[in-house]
Amino acid sequence: MSKETREQFKERISKESFEIGKQKPSAFENALKQFDKAASILKLTENQIAMIKEPRKVVEVNLPVRMDDGSIKIFKGYRVQHNIARGPAKGGVRFHPDVTLDEVKALAFWMTYKCAVVNIPFGGGKGGVIVDPSKLSEAELERLSRRYFADLIECFGPDKDVPAPDVNTNPQIMGWFMDTYSMHYREYIPAVVTGKPLEIGGSEGRSEATAWGIVFTIEEALKIVKKEIKNSSFAIQGFGNVGSNTAKILHSLGGKVVGIGDISGSYFSEDGIDIPLAIEYVSKKKTLEDFEKIANCKKLENPLDLLELNVDVFVPAALENQITEENADRIKAKIIAEGANGPTTVEADEILDRRGVIVIPDILCNAGGVTVSYFEWVQNRTGFYWSYEEVLNQLQKIMKKAFNDVYEASKFYKCDLRTAAFIVAIKRVAKASEIRGLYA
């Protein structure tokens, strides 16, 4: 049989993922189920639920962009503001061909409660453009980025809605966003976006912030099972910014990362993978494809077997809906640390909870990124910038306190950590909404 090409592999994985996920609800429906479970425990009134459950604003735009060949192409964009009771909306903008309004609504919803669970003064927002940025020139990408921000400029502002990088967006795009806004108002306004380059008001530590937040919560979760990073094993799905930095930090702290994976496949070594080598390889090759040829590891025949490795901690840091009722019974990890948004379905949560698996939920586990975005916003507004060490120190305090707030709530309400995280967050959002009341 001829060797499977990369395109054939991608097509097969896409089909497999569809077969696994075709019966699952939408991302937004999944988010609402998570909310409903916590709201029922809190016995929220209908009025309380009405104030904090659905998005407050959903904007859809058609963005005309002149291409390099002189033609004009229309791209569809979205911005959703879920809740602003506790502060301006906060959330990334993603450029991806599979962006949907349902996905953006779900991500904005999770951002509201992510900010609340770590107790930073933001609400939830999210944005997206349906586009494959790899097919655009840099000039076309800049024109699209500026058009998106210009057409939605009434939504944005340091006290209204503060975007950040997400899938396929980066510090440079945030720089274009900030410049577009600043030129419109004829002022230097760096606090309108976060995740910017350091040269125009970015924060030290922002690129590793999500990974450090994941590691800080893993440290606290390992205490529950009386273990430490240095005597634990890990598998990580996804080797982009979040996955690779999480692997790098765990490796540097003495953890044994035995499994990693990306779009090219999954790779395993019982003795531990050389993470610095993997990061260097990806920086040159863009993916882990053929990594097994230069490293002491093997490529798994089925990439999804990575989820079922016998490790202490599994970190899903790639796609949504990876752990489902189809495979939750086969998960061997004692702890799941959700680096990605929505990697576990509601049905899988019930199975994992029944089996005693500790799931550090996404709205807590990957909140390090938005927390350091908050630090960047504070620094922009004061004009005083912190060292990397100060950023990391403040992030550690917030993440560990948030984990223990959630853990204590889980014991008090006798529920899993995800439900406890929503309980902590919903109480804060509901209280803020009640205090503010209705203007009209």
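The questions and answers below go through one helix, one core and one leucine of a predicted model.

Residues are numbered from 1 along each chain as its sequence is written. In this predicted model local features need pLDDT of at least 70 and side-chain atom pairs count only at pLDDT 80 or more, while totals for chains, interfaces and linings use all residues, and side-chain values use heavy atoms, with hydrogens and water left out.

Me: How many of the 15 residues of α12 are buried?
Reply: Helices here are DSSP runs of H or I with at least four residues, numbered from the N terminus, and α12 covers residues 368–382. Buried means under 20% relative accessible area, taken with a 1.4 Å probe and protein chains only. Among the residues of α12 that meet this are Y374, F375 and W377, and the helix is mostly covered, the number buried being 12.

Me: Which helix gives the largest share of the largest nonpolar core?
Reply: A nonpolar core is a set of buried Ala, Val, Leu, Ile, Met, Phe, Trp, Tyr and Cys residues joined through side-chain atoms within 4.5 Å. The largest one holds 87 residues, and F109 and I260 are among those that touch the most other members. Its largest share, 10 residues, comes from helix α14.

Me: Is L32 buried or exposed?
Reply: L32 lies in helix α2, residues 27–42, and, leaving aside residues up to four places away in sequence, touches K53, E54 and F109, where contact means heavy atoms within 4.5 Å. Because its relative accessible area is 13%, L32 is buried.

Terms used:
Helices (H or I, at least four residues) and strands (E, at least two) are DSSP runs, numbered from the N terminus. The expected span of a helix is 1.5 Å times one less than its number of residues. Buried means under 20% relative accessible area, exposed over 50%, partly exposed in between (1.4 Å probe, protein chains only).
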